[in-house]
Amino acid sequence: MMYLKKKSIAIASLVLLIAIAFVINYNYQNGINKNTSSKNSLNSQLIDNSKVSSSSSANEQSEVTTTLSSGLFASYRQDRDINRSRSLEALQEIVNNKNTSQETRDEAQKQIIKLTETNQKELILENLIKAKGFQDAIVLIDNNTANVIVQADKLSAQEVAKIQDVVSQQTGFPLDNIKIMNRMN
């Protein structure tokens with residue numbers, strides 16, 4: 001009996017931490033999106049009014065392109081987080097439903113823990129890939145497969161190998177199960 005209480009408290013704590021992380025991430029991403037849209041409108045006005053020199057105009061356009069691309073990565077993350085949040089809510093409802101069998105509750109709790117671990121792995125991998133010198137990255141892990149999208153114009157074979165090495169070390173997936181794509185600016 002005591003074991004079940006401790007287990008339930010641990011799972012509830014994990015779910016609460018995940019929920020807090022999602023709320024913080026959502027608020028952070030909304031702040032970035034608002035800043036991105038204001039920067040884009042400011043940059044568009046500057047370029048449209050032709051009040052900048054040609055060299056600074058090229059820099060502004062580069063910033064706009066980088067900001068838009070970063071916005072896409074933020075959008076990917078936000079969509080992933082929303083889907084995970086919905087899944088966690090559904091699983092939590094199963095766990096909290098008194099009419100649900102104990103076997104189903106246990107399976108739902110296992111799924112909650114799996115989602116938490118997957119989310120943590122993805123965040124760690126994204127940060128490790130950025131530490132390798134890439135501007136941004138998004139990692140999606142599902143069914144022993146990792147899909148990685150890196151913000152880069154081109155990826156050399158050496159860069160792909162670096163990313164595969166990091167992902168393989170963190171997940172234990174074979175290289176065949178790691179797909180790497182680049183998203184151009």
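These are my notebook entries on a predicted model of a single chain.

**Entry 1: overall layout**

I began with the secondary structure, which for this chain comes to 4 helices and 3 strands. Reading along the sequence, I wrote down the pattern α-α-α-β-β-α-β. I then looked up how much of the chain is covered, and found that buried residues make up 31% of its 185 residues.

**Entry 2: the strands and their pairing**

I asked myself in which sense E1 and E2 pair, parallel or antiparallel. The two strands run antiparallel to each other, and their pairing extends over 6 bridges. As one point of register I noted Ile-141, which has Ala-146 of E2 opposite it.

I next followed E2, which spans residues 145–151, to its other partner, strand E3 at residues 178–183. Here the pairing is in the parallel sense, again with 6 bridges. Ala-146 has Ile-178 of E3 standing opposite, and I also recorded Lys-179 in E3 as the bridge partner of Asn-147. Ala-146 thus appears twice in my list, opposite Ile-141 and opposite Ile-178.

For the connection, I traced the chain from E2 through helix H4, residues 157–171, to E3, and the β-α-β crossover made in this way is right-handed. When I checked how covered E2 is, I found 5 of its 7 residues buried, so that by the cut-off of under 20% relative accessible area the strand is mostly covered. As a reminder to myself when reading such a strand: side chains in a regular strand alternate between the two faces of the sheet.

**Entry 3: the turn between E1 and E2**

I went back to the hairpin that E1 and E2 form, where 2 residues lie between the strands. Asn-143 lies in this loop, and so does Asn-144. I looked up their backbone angles, and phi is near 50° for Asn-143, a positive value in a residue other than glycine. For Asn-144 phi is near 60°, which is likewise positive in a residue other than glycine.

Are these loop residues buried or exposed? Asn-143 counts as exposed because its relative accessibility is 62%, and Asn-144 counts as exposed because its relative accessibility is 52%, the cut-off for exposed being over 50%.

**Entry 4: the second largest pocket**

I then turned to the second largest pocket, for which I noted a volume of about 310 Å³. Which elements each supply at least two residues of its lining? They are helix H3, residues 102–131, and strand E1, residues 137–142, and H3 gives the most, with 6 residues.

Among the lining residues I marked Arg-84, Gln-111, Lys-114, Glu-117, Lys-121 and Phe-173. Ile-141 and Asp-142 are also in the lining, as are Asn-143 and Asn-144, the two residues whose place in the loop between E1 and E2 I had recorded above. By residue class, the lining divides into 3 nonpolar, 4 polar and 5 charged.

**Entry 5: an aromatic pair in H2**

My search for aromatic pairs gave a count of 1. The pair is formed by Phe-73 and Tyr-76, with 6.0 Å from centre to centre and 70° between the planes. I classed this geometry as edge-to-face, because the angle between the planes is over 60 degrees.

I wanted to know where the two residues sit along the chain, and both belong to helix H2, residues 54–96. Because they are 3 residues apart in this helix, about one helical turn separates them. Their accessibilities I looked up one by one: Phe-73 counts as buried because its relative accessibility is 0%, whereas Tyr-76, with a relative accessible area of 32%, is partly exposed.

**Entry 6: Ala-108 and Leu-91**

The last residue I looked up was Ala-108, which has its place in helix H3. With a relative accessible area of 4%, Ala-108 is buried, since the cut-off is under 20%. I also noted its C-alpha separation from Leu-91, which comes to 5.5 Å for two residues that are 17 residues apart along the chain.

Methods. Residues are numbered from 1 along each chain as its sequence is written. This is a predicted model: local features need pLDDT of at least 70, side-chain atom pairs count only at pLDDT 80 or more; totals for chains, interfaces and linings use all residues. Side-chain values use heavy atoms; hydrogens and water are left out. On a 1 Å grid over the protein atoms alone, a cavity is a set of points where a 1.4 Å probe fits but cannot get out, and a pocket is an open set with protein on both sides within 12 Å along at least five of seven lines; lining residues have an atom within 4 Å of a point. Grid points are joined across faces, edges and corners, and a volume is the space filled by probe spheres set on the points. Ala, Val, Leu, Ile, Met, Phe, Trp, Tyr, Cys and Pro count as nonpolar, Asp, Glu, Lys and Arg as charged, and the others, Gly among them, as polar. Buried means under 20% relative accessible area, exposed over 50%, partly exposed in between (1.4 Å probe, protein chains only). Two strands pair if DSSP finds at least two bridges between them. A crossover is right-handed if, with the strands pointing away from the viewer, the path from the first strand over the helix to the second runs clockwise. Rings of Phe, Tyr and Trp (its six-membered ring) pair if their centres lie within 6.5 Å; planes under 30 degrees apart count as stacked, over 60 as edge-to-face and the rest as tilted.
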